[in-house]
Amino acid sequence: MYDIKWIRENPDVFDRGLQRRGLPPVSEKLLDMDKKYRQFQTSYQELQARRNEVSKKIGEAKRQGMPVEDLTAEVADIKAKMAEIEATDASLEEEIRTILISLPNTPADDSP
C-alpha cells in the first residue's frame, strides 16, 4: 500500500508509475481527499481545545457558585460537532485507504 505522505511529496512520480501500468492518474483526487481529511483533523483538535477550555470554566464557575447552564450547553454542542467530524473523518479515511489498497505497485524505472 502506498504512503499518502510519499504521494504528497511525489505526485508526478506516482502518476507516471500508474500510467506505465495503464492506469489513469489519481494523485489529484487522493491529495484533495487527504487535504479534506487533514482539515477535519485540525477542526477536531480545535474543538477539543475549546471543549477543554470551557470545561475548565465550568469548574471555576461551580467553585464560585455561578450558573453553568450556558457553558454546559456549549460543551454539549461542541461534543455533537466533534461526533459529526469524527464520523465524516472516519469515512473519508476509509475511502482513501480503499483507493490506496486497490492500486497495484508501480514498476521500477528500469523495467520495460
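**Exercise 1. The surroundings of Asp-89**

Task: Determine which residues Asp-89 contacts, leaving aside its neighbours within four places in sequence.

Solution.
Step 1. With contact taken as heavy atoms within 4.5 Å, and with neighbours within four places in sequence left aside, Asp-89 touches Tyr-37, Phe-40 and Gln-41.
Step 2. The model is predicted: local features need pLDDT of at least 70, side-chain atom pairs count only at pLDDT 80 or more, and totals for chains, interfaces and linings use all residues. Residues are numbered from 1 along each chain as its sequence is written, and side-chain values use heavy atoms, with hydrogens and water left out.
Step 3. Asp-89 belongs to helix H4 (residues 69-102). Helices (H or I, at least four residues) are DSSP runs, numbered from the N terminus.
Step 4. Asp-89 is buried and has no salt bridge. Buried means under 20% relative accessible area, exposed over 50%, and partly exposed in between (1.4 Å probe, protein chains only). A salt bridge is a side-chain nitrogen of Lys or Arg within 4 Å of a carboxyl oxygen of Asp or Glu.
Step 5. The nearest side chain of opposite charge is that of Arg-38, 9.9 Å away. For charge, Lys and Arg count as positive and Asp and Glu as negative, while His and the chain ends are not counted.

**Exercise 2. The buried face of H2**

Task: Establish which residues of H2 are buried and what they pack against.

Solution.
Step 1. The buried residues in H2 are Phe-14, Asp-15, Gly-17 and Leu-18.
Step 2. Viewed down the axis of H2, these buried residues fall within an arc of 160 degrees, so they line one face of the helix. The arc is that of the directions from the helix axis to the C-beta atoms.
Step 3. The packing partners of the buried residues of H2 are helix H1 (4-9) and H3.
Step 4. Gln-19 is also placed in helix H2 (residues 11-20); at 46% relative accessibility, Gln-19 counts as partly exposed. The C-alpha atoms of Gln-19 and Thr-106 are separated by 8.8 Å, although the two are 87 residues apart along the chain.
Step 5. Just after H2, Gly-22 takes a positive phi of about 85 degrees.

**Exercise 3. Two neighbours in H3**

Task: Decide whether Ser-27 is buried or exposed, and do likewise for Glu-28.

Solution.
Step 1. Ser-27 is placed in helix H3, and Glu-28 in helix H3 (residues 27-63).
Step 2. Ser-27 has a relative accessible area of 5% and is therefore buried.
Step 3. Neighbours within four places in sequence aside, Ser-27 is in contact with Ile-7, Pro-11, Phe-14 and Asp-15.
Step 4. Glu-28 has a relative accessible area of 61% and is therefore exposed.
Step 5. Pro-11 and Glu-28 are 17 residues apart in sequence, with 7.8 Å from C-alpha to C-alpha.

**Exercise 4. Salt bridges**

Task: Trace the salt bridges of Arg-50 and describe that of Asp-77.

Solution.
Step 1. The whole structure holds six salt bridges.
Step 2. Arg-50 meets Glu-53 in a salt bridge of 2.6 Å, N to O. The two are three residues apart in helix H3, and therefore separated by about one helical turn.
Step 3. In general, an α-helix has 3.6 residues a turn, so residues three or four places apart point the same way.
Step 4. Arg-50 also forms a salt bridge with Glu-74 (2.6 Å, N to O). Arg-50 lies in helix H3 and Glu-74 in helix H4, so this pair ties together parts that are 24 residues apart in sequence.
Step 5. Relative accessibility makes Arg-50 partly exposed at 29%, Glu-53 partly exposed at 39% and Glu-74 partly exposed at 27%.
Step 6. Asp-77 forms a salt bridge with Lys-81, the closest N and O atoms being 3.5 Å apart. Both lie in helix H4, four residues apart, about one turn of the helix.
Step 7. Salt bridges that share partners join Arg-50, Glu-53, Lys-57 and Glu-74 into one network.
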